[in-house]
Amino acid sequence: MVRKSVKIAMDAKTETKPVAMLVQVASQFESRIYVESGTKKVNAKSIMGMMTLKFGDGKEVYISADGNDEIHAVNEMEKYLTSAAV
């Protein structure tokens with residue numbers, strides 16, 4: 001299992017498209033991937049779960065993955081979340 005703290009560089013509080021794109025990033029991996037914010041831990045492949053996290057610029061979250069491609073999965077999730085061009 002891999003777990004990493006990530007500071008978000010995108011504002012998706014009211015936008016569904018960035019969150020939907022993040023779910024697509026997560027869905028390309030076999031690993032189980034979770035995003036944690038505060039006391040919430042949601043499946044990164046669930047659009048409804050991810051919408052409950054209310055991503056915002058500067059917010060810190062934890063990404064965890066467990067599986068054969070866990071390192072690559074966490075790195076790609078981090079890359080997306082820290083891209084200001086989203």
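**Figure 1. Glutamate 36 and lysine 41 are bridge partners, the lysine lying in S3.** The model shown here is predicted. Glutamate 36 belongs to strand S2. Strand S3 covers residues 40-43, and S2 pairs with S3 in the antiparallel sense over four bridges. The two strands form a hairpin with two residues between them. In this hairpin, glycine 38 takes a positive phi near 60°.

**Figure 2. Glutamate 36 and its surroundings.** Is glutamate 36 buried or exposed? Glutamate 36 has a relative accessible area of 16%. Because the limit for buried is under 20%, glutamate 36 counts as buried. The side chain of glutamate 36 makes a polar contact of 3.2 Å with the side chain of arginine 3. Leaving out residues up to four places away in sequence, glutamate 36 touches Arg3, Lys41, Val61, Tyr62 and Ser64. Tyrosine 62, in S4, stands opposite glutamate 36.

**Figure 3. S2 and S4 run antiparallel.** How many bridges join S2 to S4? There are five bridges between S2 and S4. At one position, tyrosine 34 stands opposite serine 64 of S4. At another, glutamate 36 stands opposite tyrosine 62 of S4.

**Figure 4. Serine 64 is a buried residue of strand S4.** The relative accessibility of serine 64 is 1%. This value falls under 20%, so serine 64 counts as buried. What does serine 64 touch, not counting residues up to four places away in sequence? Its contacts include Val2 and Arg3. Arg32, Ile33, Tyr34 and Glu36 are also among them. Lys41 and Val74 complete the list.

**Figure 5. S1 joins S4 in an antiparallel pairing.** Six bridges link S1 to S4. Strand S1 covers residues 2-7, and strand S4 covers residues 60-66. Valine 6 has valine 61, in S4, as its bridge partner.

**Figure 6. Helix H1 has a buried side and exposed residues on the other side.** Helix H1 covers residues 16-27. With 12 residues at 1.5 Å a residue, H1 should span 16 Å. The end C-alpha atoms of H1 are 16 Å apart, so the two values agree. In H1, the buried residues are Pro18, Val19, Leu22, Val23, Val25 and Ala26. They cover an arc of only 155° around the axis, so they lie on the same side of H1. Lys17 and Gln24 are exposed on the other side of H1. What covers the buried residues of H1? The cover includes strand S2 (32-37), helix H2 (47-51) and helix H3 (70-81).

**Figure 7. Serine 27 in helix H1 and alanine 9 in the loop between S1 and H1.** Serine 27 has 42% relative accessibility, so this residue counts as partly exposed. From serine 27 to threonine 16 is 11 residues in sequence and 16 Å in space, C-alpha to C-alpha. Alanine 9 has 24% relative accessibility and also counts as partly exposed. Alanine 9 and methionine 21 lie 12 residues apart in sequence. Their C-alpha atoms are 15 Å apart in space.

**Figure 8. Helix H3 and its buried side.** H3 has 12 residues. From first C-alpha to last, H3 reaches 16 Å, close to the 16 Å expected at 1.5 Å a residue. Which residues of H3 are buried? They are Glu70, Ala73, Val74, Met77, Tyr80 and Leu81. They cover an arc of only 130° around the axis, which puts them on the same side of H3. The cover over these buried residues includes S1, H1, S2 and S4.

**Figure 9. The largest nonpolar core has 24 residues.** In soluble globular proteins, nonpolar side chains tend to be buried together. Which residues of the largest nonpolar core touch the most other members? They are Ile33, Val35, Met50, Phe55, Met77 and Leu81. H1, S2, S4 and H3 are the elements that give two or more residues to this core.

**Figure 10. Isoleucine 33 and the residues it touches.** Isoleucine 33 is one of the core residues that touch the most other members. Residues up to four places away in sequence are not counted here. The contacts of isoleucine 33 include Ala26, Val42, Asn43, Ala44 and Lys45. Ile63, Ser64 and Ala65 are also among them. So are Ala73 and Met77. Both Ala73 and Met77 are buried residues of H3.

Key. Residues numbered from 1 in each chain as written. Predicted model: local features only at pLDDT ≥ 70, side-chain atom pairs only at ≥ 80, totals over all residues. Heavy atoms only, no water. Expected span 1.5 Å × (residues − 1). Buried < 20%, exposed > 50% of the residue type's maximum accessible area, 1.4 Å probe, protein only. Arc of directions from axis to C-beta. Contact = heavy atoms within 4.5 Å. Polar contact = N/O pair within 3.5 Å; in protein donor to acceptor, adjacent residues only side chain to side chain. Core = buried A, V, L, I, M, F, W, Y, C linked by side-chain atoms within 4.5 Å. Pairing = 2+ DSSP bridges.
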